[in-house]
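Let's take a walk through this protein together, with the sequence and the model side by side. Keep both open as you read.

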Amino acid sequence: MFNSIKLNARLAAAAFGALAIGAVAFSNSAAAAPLPMFPFILTPPTEAVQPPVQTMPQAQEEDRSVELPARLRRQVVAYPTREAPGTVIIDTPHTYLYLVLGNGQAMRYGIGVGRDGFTWSGTQTITKKAEWPDWTPPPEMIARQPYLPRHMAGGPGNPLGARAMYLGGTVYRIHGTNAPETIGTRVSSGCLRLTNEDVTDLYSRVNVGTKVIVLPITDRRADLGSAVR
C-alpha cells in the first residue's frame, strides 16, 4: 500500500509540473499577442479618429485708415449761426460738415463732396438712416458708368461705408466711405462722404427729421469755423 501511495504522489507531482509549464507558456504567448477571453463574442471595430475639419479663415477687413490733415479731423469749433442746435450744415466750398451744438459752437467733420458738375445746394431733411447700407446705383449713374454693379450688399467693401443718412426724396446721402483718402476732395456724384469713424459718430448724434442745409459751391465766404482752444 505504501508503494501505491508513493506512486500516486509522484504522478500528481508530474501532473502539477506539466500544468505549471503549460501556464507559463500560455502566459508568455498572451503577453506577445493577447487573445480575447471570449473569442466567440464579436466586438465592433474601432473607428479611426477623423482629422478636425479646417474652416476657411474669415477674410480680413482691409485697413484703409489714413491720417487726415488736422483741419479735416473731427473737432469742436466756434461757429456762430442762427440755426438751431442739431442742424447739419454742409460747407461745400471748404469740404466741411457742421453739426450745430449751440452756444456758438459746432462739431466739424471733414467731408468729400461732389465733383465738378455734380454739386448741388438747398435744404433737405434726413428721411432714413441705415447701418452698413446696401448700395443700388441709380439709373442715371449706371448710364454714365455702365460697369457699376446693379446692387451691392452692405459691408466693408461697399462705397457707402458704415452708415448712411438719406436726404429727402433725392438720390443723395451723407454716408461713410471705403476710400478715406478722398476726404477733403471733390470726387462724388453729389453724395457727401465722411470717414467710417466720423459717419458713425454723426449717425449717433442725428435723428430722422434733422434739417440739412447744403451751401452752394459758389459760396466763397471765409470758413466761419475756428477751433475751440
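Before we begin, one piece of vocabulary will help with the pockets: Ala, Val, Leu, Ile, Met, Phe, Trp, Tyr, Cys and Pro count as nonpolar, Asp, Glu, Lys and Arg count as charged, and the others, with Gly among them, count as polar. Please also keep in mind that what you see is a predicted model.

Start with the overall view. The protein has twelve strands and three helices. Of its 229 residues, 34% are buried. The accessible surface comes to about 14600 Å², and carbon and sulfur atoms account for 59% of that area. If you take the contacts between residues at least 6 apart in sequence, 66% of them join residues at least 24 apart.

Now turn to strand 3, a good place to begin tracing the strands. Strand 3 covers residues 96-102, and six of its seven residues are buried, so this strand is largely enclosed by the rest of the structure. Coming into it from the N-terminal side you meet strand 2 (residues 88-91), which runs antiparallel to strand 3 and is joined to it by four bridges. To find the pairing on your screen, look for Ile90, whose bridge partner in strand 3 is Leu97. Strand 2 and strand 3 make a hairpin, with four residues between them.

One residue in that turn deserves a pause. Thr95 lies in the loop between strand 2 and strand 3, and its phi is near 55°, a positive value in a residue that is not glycine. Is Thr95 buried or exposed? Its relative accessibility is 2%, and residues under 20% count as buried, so Thr95 is buried.

Leave strand 3 at its other end and you reach a second hairpin. Strand 3 pairs with strand 4 (residues 105-110) in the antiparallel sense, over six bridges. Here Gly102 has Gln105 of strand 4 as its bridge partner. Two residues lie between the strands of this hairpin. Asn103 sits in the loop that links strand 3 and strand 4, and it too is a residue other than glycine with a positive phi, of about 55°. What is the relative accessible area of Asn103? The value is 83%, so Asn103 is exposed. Looking back, Thr95 counts as buried at 2% relative accessibility, whereas Asn103 is exposed.

Further along the chain, find strand 6, which spans residues 122-131 and pairs in the antiparallel sense with strand 11 (residues 211-214) over four bridges. In that pairing, Thr125 has Lys211 of strand 11 as its bridge partner. Strand 6 also pairs with strand 7 (residues 163-167), again in the antiparallel sense, this time over five bridges. Ala130 is the residue to look for here, as it stands opposite Ala164 in strand 7.

For a look at a helix, move to helix 3 (residues 196-205), which holds Asp201. This aspartate has 15% relative accessibility, so it counts as buried. Which residues does Asp201 contact, leaving aside its neighbours within four places in sequence? They are Arg74 and Tyr109.

Let's finish with the spaces in the model. The second largest pocket has a volume of about 390 Å³. It is lined by 25 residues, and those closest to its centre are Trp135, Met141, Ser188, Ser189 and Arg193. Helix 2 (139-144), strand 8 (173-175) and strand 9 (186-188) each supply at least two residues of the lining, with helix 2 giving the most, at three residues. Using the classes from the start, the lining of this pocket has 13 nonpolar, seven polar and five charged residues.

There is also an enclosed space to find. A search of the whole structure turns up one cavity of 30 Å³ or more, and the volume of the largest cavity is about 40 Å³. Its lining is made up of Thr92, Val113, Gly114, Phe118, Thr119, Trp120, Gly190, Leu192 and Val214. By class, the lining of the largest cavity has five nonpolar residues, four polar and no charged ones.

Conventions: Residues numbered from 1 in each chain as written. Predicted model: local features only at pLDDT ≥ 70, side-chain atom pairs only at ≥ 80, totals over all residues. Heavy atoms only, no water. 1 Å grid on protein atoms, 1.4 Å probe; cavity = no way out; pocket = protein on both sides within 12 Å on 5 of 7 lines; lining within 4 Å. Points joined across faces, edges and corners; volume = space filled by probe spheres on them. Buried < 20%, exposed > 50% of the residue type's maximum accessible area, 1.4 Å probe, protein only. Contact = heavy atoms within 4.5 Å. Areas by Shrake-Rupley, 256 points an atom, 1.4 Å probe, with all protein chains shown as cover. Pairing = 2+ DSSP bridges.
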